[in-house]
Protein chains: 2
Amino acid sequence: MTLNGALTLSPQEVADMKRKYLALFEPSSVAIVGASESPLKWGFRILYNTLAGGYKGALYAVNPKHTEIVGVDCYPSLSELPTVVDLALIVLPPPLVPGAMRECAECGVRAVIVITAGFGELDDPAAEAAQDEIVRIADEAGMLVVGPNCAGVASPDPHSLYSGMIYRHPKGGGMSLVSQSGNVGMTTLTWAQLHQVGIARFVSSGNEAATQCEDYLQFFAHDSRTKAVLAYIEGTRDGRHLFRTIKHVAAQKPVVVVKGGRSEAGQKAAASHTGSLATRTVLFESACHQAGATVVDDIYQAMELTSAFVSQPLPRGRRVVVVSEGGGWGVIGADACIEAGLDVIDLPGGVLRELDDVLPGWWSRGNPIDLVAGNDRTLMSRAVEAVLKSPQVDAVMVLGIGYICSRSERLRDSDEAERLGLKRLIEMATKVEMHDAERIAGLIDLYGKPIIVASDTVMIAYGPAPNEAVAEMERLGVYAYASPVNAAKTLARMAERYEYLQGRPRGAG
Amino acid sequence: MTLNGALTLSPQEVADMKRKYLALFEPSSVAIVGASESPLKWGFRILYNTLAGGYKGALYAVNPKHTEIVGVDCYPSLSELPTVVDLALIVLPPPLVPGAMRECAECGVRAVIVITAGFGELDDPAAEAAQDEIVRIADEAGMLVVGPNCAGVASPDPHSLYSGMIYRHPKGGGMSLVSQSGNVGMTTLTWAQLHQVGIARFVSSGNEAATQCEDYLQFFAHDSRTKAVLAYIEGTRDGRHLFRTIKHVAAQKPVVVVKGGRSEAGQKAAASHTGSLATRTVLFESACHQAGATVVDDIYQAMELTSAFVSQPLPRGRRVVVVSEGGGWGVIGADACIEAGLDVIDLPGGVLRELDDVLPGWWSRGNPIDLVAGNDRTLMSRAVEAVLKSPQVDAVMVLGIGYICSRSERLRDSDEAERLGLKRLIEMATKVEMHDAERIAGLIDLYGKPIIVASDTVMIAYGPAPNEAVAEMERLGVYAYASPVNAAKTLARMAERYEYLQGRPRGAG
């Protein structure tokens with residue numbers, strides 16, 4: 001830990017921190033304190049969500065009025081549980097929260113999530129005092145406390161933990177997220193589930209009374225499941241500490257930051273919503289950047305980038321070739337790459353010669369490569385490979401995939417298609433396109449270079465008749481963009497990360 | 001037609017033009033010349049697509065080898081058809097195209113679409129000469145010719161015409177499109193179908209040998225079905241003529257332009273793809289802007305804006321209130337509005353008082369209005385109405401809709417939900433949310449002000465379990481954005497259009 005200005009932690013500190021946070025992310029047992037039988041109450045939903053998420057540990061409900069809720073054993077108090085739970089979620093009305101916290105501390109519960117709102121985010125001295133009380137209890141007991149006023153936690157591996165207000169279940173993977181907004185956090189989980197992107201850890205940090213964004217980031221830096229980090233940040237109490245923390249993480253893993261409350265109106269809203277302090281946006285973003293994070297304006301683009309950091313190798317330069325199934329999309333793709341700061345290079349001689357063997361005689365011999373609307377669905381992967389293997393190419397943008405699968409959908413169920421024998425044709429063509437998609441995805445590992453895919457067929461990829469080619473690409477870890485514009489931005493930011501690491505060697509953190 | 005610099009047309013010219021273009025967009029009869037029985041050939045697909053689109057006029061196939069294809073009567077030549085068709089689509093190999101064109105002219109066919117590629121877009125004098133021949137034949141006969149090297153035409157009303165390579169079927173409506181790229185055009189139709197956005201006319205202009213983008217735009221200006229226009233333009237032969245045409249259209253109807261080939265790499269690709277000439281991007285875009293068009297970088301955003309022009313009133317100013325179901329999205333929404341150039345105003349006193357009656361006591365009394373996660377699903381429409389009716393508010397941004405509908409999906413089919421009696425609760429809550437969505441959509445007309453909606457639930461709106469609330473909003477003409485960022489951009493561009501019209505009175509064209 002010699003990186004100038006970055007936070008440093010001793011091996012003992014790291015070990016202690018890991019132990020502490022694993023109680024939150026990998027608890028063997030969970031209690032929902034304030035569980036309810038009424039489906040209209042959060043006390044019901046939070047228990048139900050944990051159950052529906054498939055939690056593999058021991059799950060208990062706590063409520064003196066019941067002995068069982070939704071099939072889960074219910075106890076009058078924490079002290080009467082058959083075991084000391086690792087993690088407790090508190091969903092009681094605000095006045096009952098400090099008492100429950102004390103009970104957690106007395107029992108030896110290791111981590112607590114206070115879901116309940118109505119504390120520091122209100123402009124009310126009594127509510128603020130109650131929040132201070134929560135912090136005091138946590139500090140005295142050395143207990144990890146998340147929230148209050150938060151949405152919960154998720155860690156698909158190893159125990160299938162999706163607990164709190166969380167009702168999406170993305171699969172396990174390498175992306176870890178901390179969000180100062182519960183509902184922005186839910187947006188990220190929804191996106192991840194839809195696009196088959198794997199999550200390592202997710203935490204909604206709420207009011208951050210006792211545990212701040214920085215603390216989660218530190219854990220992510222040392223967590224072996226975490227390969228890349230995304231933080232949605234509305235404010236911080238100690239900018240210098242935040243930037244030092246980011247520098248510490250970014251030296252080891254990619255960090256993507258979305259700053260909520262960039263405008264004055266947004267800052268005011270952030271202040272009333274989680275009680276966070278306003279920060280000067282330009283300074284904030286430039287400090288993040290200097291610390292090695294990538295700052296992104298839009299939460300969806302941030303998800304796209306973070307997932308690319310997990311699933312794709314970094315490009316070792318900005319030299320891009322665009323391979324397109326259609327002329328117009330090729331034009332748009334080339335524009336997008338240039339505007340994102342990438343180089344749409346002239347095709348190297350060797351690539352030209354190889355493509356002359358693969359493509360029809362009238363191909364345009366330029367970059368973007370227009371494959372010309374044709375029937376040969378193996379052209380794409382052959383063209384991509386011819387380009388990707390060139391030492392003068394750092395990355396390939398593939399435009400258009402899933403055309404056959406999405407065109408077929410309308411034929412599949414028609415009588416006419418049956419009568420004309422189109423069904424067999426469709427099946428064959430679909431198979432060929434699926435195989436081509438798989439081959440393209442396989443080239444990433446083979447050549448250790450990124451391939452960025454965009455197609456308008458993703459619009460209907462998840463429609464009533466799912467587009468198998470797009471779903472298959474995403475299953476294989478290759479996210480399919482709707483538009484080349486975002487695809488190019490991601491690629492340029494990945495190149496930036498590579499350049500950052502070249503300036504500061506990877507191991508320095 | 002006194003607008004300085006704008007194109008002018010006499011009433012007779014307008015009448016002649018309408019007659020000419022209605023043969024293309026509203027033909028009573030269509031022939032596919034070069035129809036094929038082989039599903040692998042475009043000659044088959046184009047006939048099949050026209051049929052699958054539900055074309056209501058008389059449809060014929062032309063091919064000497066068959067008497068019937070896919071149930072459509074097939075004739076050896078155009079001259080042997082039982083009628084003179086209004087529109088012929090030619091899908092023959094390049095050498096046969098001029099002959100077929102001559103036959104069309106001799107028979108008195110009014111409009112021709114040459115789908116076939118292999119003409120002016122190739123760097124080949126013979127191919128260019130063949131394209132000149134096409135133009136000569138068209139000019140001599142006074143025949144409208146679209147293409148060559150194009151994807152086709154669509155006009156849902158009145159005859160359900162979707163002909164050419166077109167296999168998406170958006171409903172009828174007020175948006176008209178001309179695209180110099182067939183595959184970008186297909187992207188727009190896919191988007192329109194998915195989001196229930198109505199189309200008046202669509203044409204893929206291809207190489208524009210005889211009929212240019214400008215000609216279609218002129219027709220759109222005087223076409224009563226067209227309420228707003230979108231043009232995807234890669235190049236023009238006569239910039240001055242294009243800008244005068246845009247000025248002519250924009251004085252009457254909103255015009256949105258996407259310029260493909262903004263970068264040098266993109267321009268080179270555009271040149272090889274439709275043979276269009278390179279243009280200086282900055283000059284091009286600023287000339288479009290001066291002519292009254294809105295220039296947008298991204299084709300999806302262009303669709304969002306054009307559809308908003310059709311379905312929403314223009315805001316009479318930039319004063320926006322954000323109403324959000326979640327804190328973080330409110331923050332992001334406020335940022336997005338400010339960054340797009342809108343005013344996130346302080347809530348007027350009257351609005352504050354009215355909202356105090358509607359919202360729970362602890363509401364934040366600021367803009368964005370955070371409704372606080374609650375169970376009362378009528379709050380949204382009541383809050384939106386309280387805001388929208390204020391004379392000090394020009395538009396409302398609504399964030400978050402479809403949460404109940406999308407949350408319910410996982411409960412709907414579970415045994416537990418059945419056992420717990422949740423099904424009835426879900427049904428009721430879904431109904432309440434649907435009703436709230438309908439009420440919000442109804443407020444647009446009631447107050448003559450735009451409401452822009454964004455929600456992360458649109459991500460799964462078209463998933464395996466469709467999100468009814470989002471689908472219902474879109475059926476009612478209110479597009480649901482995935483992100484407040486694009487929503488704010490649309491609203492700001494609508495305000496710009498209002499300002500443009502204020503400077504130059506609406507009737508001037």
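The following paragraphs describe how the domains of chain A meet and how chains A and B pair in this predicted model.

Within chain A, the domain assignment gives domain 1, covering 11–309, and domain 2, covering 313–501, and the C-alpha centres of these two domains of chain A lie 38 Å apart. Their contact draws on 21 residues from domain 1 of chain A and 16 residues from domain 2 of chain A. The area buried between the two domains of chain A comes to about 1600 Å², and carbon and sulfur atoms give 51% of this area. Zero salt bridges are found by the rule across this interface between domain 1 and domain 2 of chain A, whereas eight residue pairs are counted in polar contact between the two domains, both residues at pLDDT 80 or more.

On the side of domain 1 of chain A that touches domain 2 of chain A, the helices α5 (182–194), α9 (281–290) and α10 (299–311) of chain A each supply at least two residues, and the largest share, five residues, comes from α10(A). By class, the residues of this side of domain 1 of chain A divide into 10 nonpolar, eight polar and three charged.

The pairing of the chains comes next. Chain B can be laid on chain A by a turn of 180° and a shift of 0.0 Å along the axis, with an RMSD of 0.0 Å, which means that the relation is that of a two-fold axis. The same surface serves both copies, since 100% of the contact residues of chain B recur in chain A.

The contact between the chains takes 79 residues from chain B and 79 residues from chain A, and together the two chains bury about 5900 Å² between them, with 59% of that area on carbon and sulfur atoms. The rule finds four salt bridges across the interface of chain B and chain A; the side chains of A:Arg262 and B:Glu339 meet in a salt bridge at 2.7 Å, N to O. Across the interface of chain B and chain A there are also 22 residue pairs in polar contact, both residues at pLDDT 80 or more.

Several helices of chain B each supply at least two residues of the side that touches chain A, among them α2 (42–52), α5 (182–194), α8 (264–274), α11 (327–340) and α16 (422–447). The largest share of this side of chain B, nine residues, comes from α11(B). In terms of residue class, the side of chain B that touches chain A has 39 nonpolar, 23 polar and 17 charged residues.

Notes: Residues are numbered from 1 along each chain as its sequence is written. Chains are lettered from A and ligands numbered from 1 in the order in which they are written. This is a predicted model: local features need pLDDT of at least 70, side-chain atom pairs count only at pLDDT 80 or more; totals for chains, interfaces and linings use all residues. Side-chain values use heavy atoms; hydrogens and water are left out. Domain bounds come from an automatic or database domain assignment. Contact means heavy atoms within 4.5 Å. Buried area is the accessible area (1.4 Å probe) that two parts lose on being put together, summed over both. A polar contact is a pair of N or O atoms within 3.5 Å; within protein, one must be able to donate a hydrogen and the other to accept it, and residues adjacent in sequence count only if both atoms are side-chain atoms. Helices (H or I, at least four residues) and strands (E, at least two) are DSSP runs, numbered from the N terminus. Ala, Val, Leu, Ile, Met, Phe, Trp, Tyr, Cys and Pro count as nonpolar, Asp, Glu, Lys and Arg as charged, and the others, Gly among them, as polar. Copies are superposed by least squares on the C-alpha atoms of residues with pLDDT of at least 70 in both.
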